[in-house]
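The report below is meant to be read beside the sequence and the model. It takes local features one region at a time.

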Amino acid sequence: MAQHTAPLLVMLLLCTLSANSSFQPALVLEMAKILLENYCFPKNLVGMQEAIQQAINSGEILQISDRKTLAAVFTVGVQGALNDPRLTVTYEPNFVPVMPLMLPSLPVEQLIRLVKNSVKLDVLENNVGYLRIDRIIGKETAGKLGSLLRDNIWDKVAHTSSLIFDLRYSTAGEQSGVPFIISYFSDSEPLIHIDTVYDRPSNTTRELWTMPSIMAERYGKKKDVIILTSKRTIGAAEAVAYTLKHLKRAIIVGERSAGGSVKVRKIRIAQSEFYITVPVARSVSPITGQSWEVSGVSPTVIVNAKEAVTKAKSLLAVRCAIPKAVRHISDKIGRFYAFTDRVPALLQHLQSTDLFSVVSEEDLTVCLNQDLQSVSEDPRLMVKYMQNNGAIVEEDPELYKVPEDPELLRAMVDTMFKVEILHDNTGYVRFDKFVKLSTVDTFDELMAKKVWEPLKDTGNLIIDLRYNTGGSSTSLALILSYLQDSSQSYNFFTIYDRIQNTTTEYGSLPKLTGPTYGSKRGVYILTSYYTASVGEEFAYLMQSLHRGTVIGEITSGTLMHSKTFQIEETNIAITVPFINFIDNNKECWLGGGVVPDAIVLAEEAVDHVYEIAEFHHGLRSFIEETGKLLEKYYAIHEVALKVSKVLLRKLAEGFYWSVVDFESLASQLTADVQQTSGDHRLHIFHCDVEPKSLHEVPKIPTAEEVGYIIDALFKIELLPGNVGYLKFDMMPDVEVVKAIGPQLIKFVWSKILNTDALIIDMRYNTGGYSTAIPLLCTYFFDTEPLQHLYTVFDRTTTTMTEVMTLPQVRGQRYGSSKDVYILTSHLTGSAAEVFTRTMKNLNRATIVGEPTIGGSLSSGTYQIGDSVLYASIPNQVVLSTITGKVWSLSGVEPHVITQASSALPVAQRIIAAKLLKTDQGT
């Protein structure tokens, strides 16, 4: 602070240098001294310099002779500079200091009268306490009144069920009384740090904590407390409200408080009639790191101060109902929730949920919803606020029941199914509900005649569910059976019903009346936003069974398999899934809408069927061609054969019905070849323009370009301890290296050659050409013997090449005795990885950083047929000189694993530690 004092005083002094000014320089100096010795934010005082300089430059202060005007100008300037509205300068020739009332010095009788006038206690309906305190009494005063306060206030409050604590009219008080009130609403253990107060005049900091024991029965921290505030609430009352709010012990209702101060002083400026009001202490909450001073305490619920009591009563009524509502919700989950294994965790979580901030039924639903869904991971389990408290309407299952009368049943089937043969011999069937079957035979016979006989010879089939709003799951198995081969049996889905405690499996029916459509022809399911309930189940199962392609809009997402229960005496309802719908892959479907394989407008879905069906017609040729390319070019032939077979098997099993264009085909093929081969470097991609080769013949730089290339590619530095640092982010071709060799030796290599250790930074080197690797490695080994670095097998030429160090290189070698450290990251790939792994395998370098990407040494890009699909296929593998086996595809594992950003300092510490051991002779 001292370094700012002299400039500040000089600036203030300059303000007085005017022939017309009625001030003496000493007056301004005294004002500056007061601020420096008393203002509670001394570090902020440096900010005054600029404001005063601006005032001087403008000449405003120099021209002011009126004392009140000058005081006002100083106030604006000081407040603006320090951004503190509490700082004021006034001219008060008749000011008479008023000594503050010292309560502890008053007689006990007078203290009792004061307390009675500033405290009001009442017990309202439902044992709700009402306590109004207009003055927070300090610790010393409370000690004098002792049992009187305990018996007449605190112990009476302690026996209420909840409390309205009214601080709307609290305009006076002492900070020393705050810890008692906070302690009263807290438990005795653990002690809580509630405030830190810095006093500038004494330059001391005091911590306020809750008290281990108090003179009254504690209210504790379990019962609800609502604090009322107004624009007039100020000082110690703000400290109470702010602390209890942020301890999550009280809800604040009313208006934002005044934003007072811990302590302000009105100080006379020398012997003049000018005074400056200065906040001399400041409060910092250890809970928030901030304060209530100036800004005030913001309410949890904002209402007019006059309406605060009424609002508080209504909030307490809501909060009083919360435990009962939570018990009812827990009961419904315990009795009906289908995931029985998740019930204990859900019930335990409900018991421990923090509901402090809940001030309405809407708040409760939001809070419980977030908790329930995060724990259950089930979007179907939800709590809702039903504003109109309307009756919960559940669908009548009788609406979908099949009539027993044969004529009525025949009429139903005739009207239920719409069947057509569209152009290109495409079958079309539409039905808008799924019926509930008690027996299958009669309905199957009628459906076979109406639907399957007319459609049996079509090339593809459209099933239109765009207007299907649901029905009963009991008819799903019958329709699905017609879309599979009759020679095989299938498990379609399983339903677990928690209410009935039954598990029912639905599989293909052993005997069907009509001809099956089989599994080889295309089936296209049309959906819309109206497709709901069992209609969604059918679309979902066709995807899950890999039996069809869904085209249209995302379905309604109304399939819940749930029951909704109204929570008594509230506007809250809970929806509990009591059925688990388990698909053929043993996965439970949680609803939420079916996403089509091809998302198009519902009204355009039929047109898209023809485009997609034509695309599907050519799928086999694309997949076969992909397999042939892998067999011809992939470095590991036996793996390529396996992948090729798997692709054809998946095509036959329907896994490619979900593919609707070249982009989705590329994505599916990539996933399948990577999963089967275990090689993440294999990629199938879609490209409208033939991609350029990644390894074109490198251009030999001209003499003018050499300097630029060296500057762009290489960074060198000499680190402390005579440690060299070399960074390059691309592996250049060997011919390029040879072309720039003399300059490279002169401007790069010679600068790090004589270092005691070398750090090579490959963290951002994503690869390049592998041809320069032998040359680079050679510099780190002796001339004799030559080192076998690695062996490369090239599938395109079916050749094995042993890669060795070179017998001769330009310039001096670094040699084999000095330590080398290579820094890596998850970006380090391709040829950079080969260099790193080689140096690691031959124990020539310590690798520090992250595991590398696991890229390929060389990949070829090949067109799949004459399509816009291309395959990126690694055509070389590297074999270890140590084991003779193919290097792992998972990348290089560092000796010292650390984040890439920390790799350099970690390597430096390793070098320093090793040097220290050497110096100590250990």
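What follows describes selected helices, strands and loops of a predicted model.

**The first helices and the hairpin**

Helix α5 covers residues 108–118 and contains Val115. With a relative accessibility of 9%, Val115 counts as buried, because buried here means under 20%. When neighbours within four places in sequence are set aside, the contacts of Val115 are with Leu145, Leu149 and Ile153. The C-alpha atom of Val115 is also 8.8 Å from that of Ile133, a residue 18 places away along the chain.

Further along, the loop between α8 (178–184) and β7 holds Pro190, and the peptide bond that leads from Glu189 into Pro190 is cis, with omega near -5 degrees. Strand β7 (residues 193–199) then runs antiparallel to strand β8 (residues 204–209), and six bridges join the two. One of the paired positions is Tyr198, whose bridge partner in β8 is Thr205. Four residues lie between the strands of this hairpin, and Asn203 there adopts a positive phi near 55 degrees.

Helix α9 (residues 236–246) is mostly covered, with ten of its eleven residues buried. The buried set includes Ala236, Val240 and Leu244, and also Glu238 and Lys245. Just after α9 comes Lys248, with a positive phi of about 55 degrees.

**The four-stranded sheet**

An open sheet is built from four strands in the order β19-β18-β24-β25, and their pairing is antiparallel. Its edges are formed by β19 (502–507) and β25 (588–589), each of which pairs on one side only. Strand β18 (residues 491–497) is joined to β19 by six bridges, in an antiparallel arrangement, and within this pair Ile495 has Thr504 of β19 as its bridge partner. Helix α16 (residues 534–544) lies across β18, β24 (579–583) and β25, and runs at about 30 degrees to β24.

**The pair α18 and α19**

How are α18 and α19 oriented to each other? Helix α18 (residues 619–633) packs against helix α19 (residues 637–652) at an angle of about 170 degrees, and their axes are 8 Å apart. Since angles over 145 degrees count as roughly antiparallel, that description applies to α18 and α19. On the α18 side, the residues that meet α19 include Leu619, Ile623, Thr626, Gly627 and Leu630, while those contributed by α19 include His637, Ala640, Leu641, Ser644, Leu647 and Leu651. Sorted by class, this contact has nine nonpolar, four polar and three charged residues.

Several of these positions can be read against a general property of helices. An α-helix has 3.6 residues a turn, so residues three or four places apart point the same way.

**The region around α25**

Before this helix in sequence, the loop between α24 and β31 contains Pro785, and the peptide bond from Glu784 to Pro785 is cis, with omega near -10 degrees.

Helix α25 (residues 830–841) has twelve residues, which at 1.5 Å a residue should span 16 Å, and the 16 Å between its end C-alpha atoms agrees with that expectation. Ten of these twelve residues are buried, so α25 is largely enclosed by the rest of the structure. Among the buried residues are Ala831, Val834, Phe835 and Met839, together with Glu833 and Arg837. Which elements cover them? The covering includes β30 (757–761), α24 (773–778), β31 (788–794), β33 (819–824) and β34 (846–849). Asn843, which follows α25, has a positive phi near 55 degrees.

**Positive phi in two loops**

Asn425 and Thr798 each have a positive phi although neither is a glycine. The table sets out their positions and values.

| Residue | Phi | Loop | Relative accessible area |
|---|---|---|---|
| Asn425 | about 55 degrees | between β15 (418–422) and β16 (426–430) | 37%, partly exposed |
| Thr798 | about 50 degrees | between β31 and β32 (799–804) | 52%, exposed |

With a cut-off for exposed of over 50%, the 52% of Thr798 places this residue in the exposed class, whereas Asn425, with 37%, is partly exposed.

Note on methods. Residues are numbered from 1 along each chain as its sequence is written. This is a predicted model: local features need pLDDT of at least 70, side-chain atom pairs count only at pLDDT 80 or more; totals for chains, interfaces and linings use all residues. Side-chain values use heavy atoms; hydrogens and water are left out. Two strands pair if DSSP finds at least two bridges between them. Axes are lines fitted to C-alpha atoms, for helices over the stretch in contact, and angles run from 0 to 180 degrees between N-to-C directions. Angles under 35 degrees count as roughly parallel, over 145 as roughly antiparallel, 65 to 115 as roughly perpendicular and the rest as oblique. Contact means heavy atoms within 4.5 Å. Ala, Val, Leu, Ile, Met, Phe, Trp, Tyr, Cys and Pro count as nonpolar, Asp, Glu, Lys and Arg as charged, and the others, Gly among them, as polar. The expected span of a helix is 1.5 Å times one less than its number of residues. Buried means under 20% relative accessible area, exposed over 50%, partly exposed in between (1.4 Å probe, protein chains only).
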